[in-house]
Amino acid sequence: EMFKRNPDSAEKFPCSEDERCKMYFTDYAVTYANQAPHAWFLIFREVFIVPEDMLIFTKVFTTIPFCRLHVLDNDTQEEMPNAFFKTTSHVYPKNKNGYTFVAEAHTGDQPVAAGKWTLRFISSQSALPFLSREAVNNIYSTLQFKEYYIPNKEFLMFRYFVKVTAPHTATLQVQTSKSDVFIKLQVLDNEKEIKSVIGKGNAVIPVFNFQSNQSLLSSQVKTEQITQSSPKKGLETRRLRKASRYLSKDIKISFKTDPVQEAPVIKIDESFLLKNSENNVGSPQQSHQYSIEALVLHDSWPLTESESLVVEELKEKQKDEIKVKKIAHIHKSTGRSKHKAIEKTEKEKSHKERTLHESKERTALESQDHSEDLNAPYWILRIVSEQKDAEFLEVKKDTRRVDEIRAMKEAWESAEPGRAVKAFQERLRFINKYAVRDSEEPIAGAGTADLTPRSGETGKQAPQTAIDSRLKTEKNKWELIDLSPYTRKTRPESVLRNESIIQQQQIRKEEEINNFKQFRTLVLEQRQKEENDRISLKKSILEMYENLQASLDEARGRVYSIREAYRDRLLEAERKREEELAAQEAALKAEQKKKNASKKKK
């Protein structure tokens, strides 16, 4: 801290160089239960506050084969960059709402035993990120929806409506039975895309914050209370406290705060709401209507023969279910309209209690159905939220089109009782007239006699059983074989293949062949051009390296010549020195001989 406040003082202390070698770290550990093979689950999701701008390196310790960590900036809702599905060291700037760390895992082909998962923050600064709440929570509630994939024109896999009664944070994950399917998972608010992600066989939105309409209503009421309040501070606080108590009573959410902390909170909300009320006068905020949907991209989910058969069976089952529901609506008595209000109130009371139970039962039944048939294409949607907030979330399948059709048929039936039975009779008459001409016993008279209601019968006694039995007995006579799966059509209508059509086909084939030849020649020319460019590039590189080698040899020759000249000079000087020494030695020897000769003469 001393060196941070005064960086110039670091030069006066020799221990300042030790600060570069110091590292600080902190660990956050959670546990997970046993997991089955090919399962996806959420391990960790917490918000951390970064007190100042710092370089942070995150390290994960786990035995799970595939585990990925997502880091999102809560101010911009952008994910921090990663490399090879791992978070890299990054400078985390200080922000207002902190960063959300989300860890997801896949089990693979083998089950995973219960264990421990640890997240470590490493930095050179002591003020490491800290939790936005007291302790780590790893108890999550998962809503799972698993259904078959039925191809359609919009390439829509599913669409669910989401309703929350309080601000809710959730993690969304979608996976498909086919691992190489490109899917797009998106969250819409009032049919406008808020957030989306694209994946291959698996798509995850790590964090999404659902806003409730009740919180929007409370903010609007508070705005009205503040704008219409008197300038006296005492009256303001009392009215705001009354509004908060009124809202807490309607919304069933407690706003308990200490008396000391109540005044500053009111001041902050007052300034914020007054500013918004001045800017948004006469423009009420739109309520939230969230929906989750997934799309198949690039037509990347083609079905095999076995999967197509399963899909056809599913379509037939859906048609049968629609027929059964239609017949059930016909058999309902007229007295049901009197009890609609009572049934509606009872349903509304027990709806919240049944949602969690129904979702669990639906998941168990669907998993059992899908486990029976492994050839069926299916998808799984998971919505993960904290267990304490699970009751605030409600997810429903989008059945608006089916409901509209059913309501229309019910309106027709109520306006004209017996309309469905008459339509069914007309259909049978048409079949008997055109499809059973060669049968010996036509069923037209018998069918109409059985289907016409008697005078003494009530609306509850419908002739459906007689119709079903007669249809079963006469099915083999008028049922035609559907040859459409075995025929290949290029046109919606059949056309006789005469000489003109044959000539047109030949002309089209010749044009296709010519176009292909032209395209092939262009490709070959392009390849030849690229090959020539590569050859010329090779030659230029070789010439460049030859020139470099020649210049290097020339420079080396100059250095060698200078060295040889210097060496010759040194050798010449050494030779001269040796000659002088030899001459001196010869002169000394001559003088010594003369001295010796003079001594002998004496």
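The structure holds 20 salt bridges, a salt bridge being a side-chain nitrogen of Lys or Arg within 4 Å of a carboxyl oxygen of Asp or Glu. The model is a predicted one, in which local features need pLDDT of at least 70 and side-chain atom pairs count only at pLDDT 80 or more, while totals for chains, interfaces and linings use all residues. Residues are numbered from 1 along each chain as its sequence is written, and side-chain values rest on heavy atoms, with hydrogens and water left out.

Side chains of opposite charge can pair when their charged atoms come close. One such pair consists of arginine 133 and glutamate 386, with an N to O distance of 2.9 Å. This pair ties together distant parts of the chain, since arginine 133 sits in the loop between S11 and S12 and glutamate 386 in strand S19, 253 residues apart. Strands (E, at least two residues) and helices (H or I, at least four) are DSSP runs, numbered from the N terminus. Glutamate 386 counts as buried at 10% relative accessibility, whereas arginine 133 is partly exposed at 28%; buried means under 20% relative accessible area, exposed over 50%, and partly exposed in between (1.4 Å probe, protein chains only).

A further salt bridge joins glutamate 191 to arginine 159, whose closest N and O atoms are 2.6 Å apart. Here too distant parts of the chain are linked: glutamate 191 belongs to the loop between S15 and strand S16 (192–200), and arginine 159 to strand S13, 32 residues apart. Arginine 159 is buried, with a relative accessible area of 10%. Both residues take part in a network of salt bridges that also includes Glu293, Asp398 and Arg400. Arginine 563 and glutamate 564 form another pair, at 3.7 Å from N to O. In this case arginine 563 is partly exposed, at 49%, and glutamate 564 is partly exposed as well, at 34%.

Turning to the interior, the largest nonpolar core has 29 residues, and Met157, Phe158, Phe210 and Ile383 have the most contacts inside it. Such a core is a set of buried Ala, Val, Leu, Ile, Met, Phe, Trp, Tyr and Cys residues joined through side-chain atoms within 4.5 Å. Strands that each supply at least two residues of this core include S12 (140–148), S13 (156–164), S17 (202–210) and S19 (378–386). The most comes from S13, with five residues. Beyond its neighbours within four places in sequence, phenylalanine 210 is in contact (heavy atoms within 4.5 Å) with Val162, Val164, Ala166, Pro167, His168, Ala170, Val187, Tyr290 and Ile292. Another core, of 24 residues, lies apart from the 29-residue one; among its members are Ile43, Leu69, Met80 and Phe121.

An open sheet of five strands follows the order S5-S4-S9-S2-S11, with antiparallel pairing. Strands S5 (78–79) and S11 (130–131) stand at the edges, each with a single partner strand, so one side of each lacks a neighbour in the sheet. Pairing requires that DSSP finds at least two bridges between two strands, and two bridges join S4 (residues 66–73) to S5 in antiparallel fashion. Aspartate 73 has glutamate 78 in S5 as its bridge partner.
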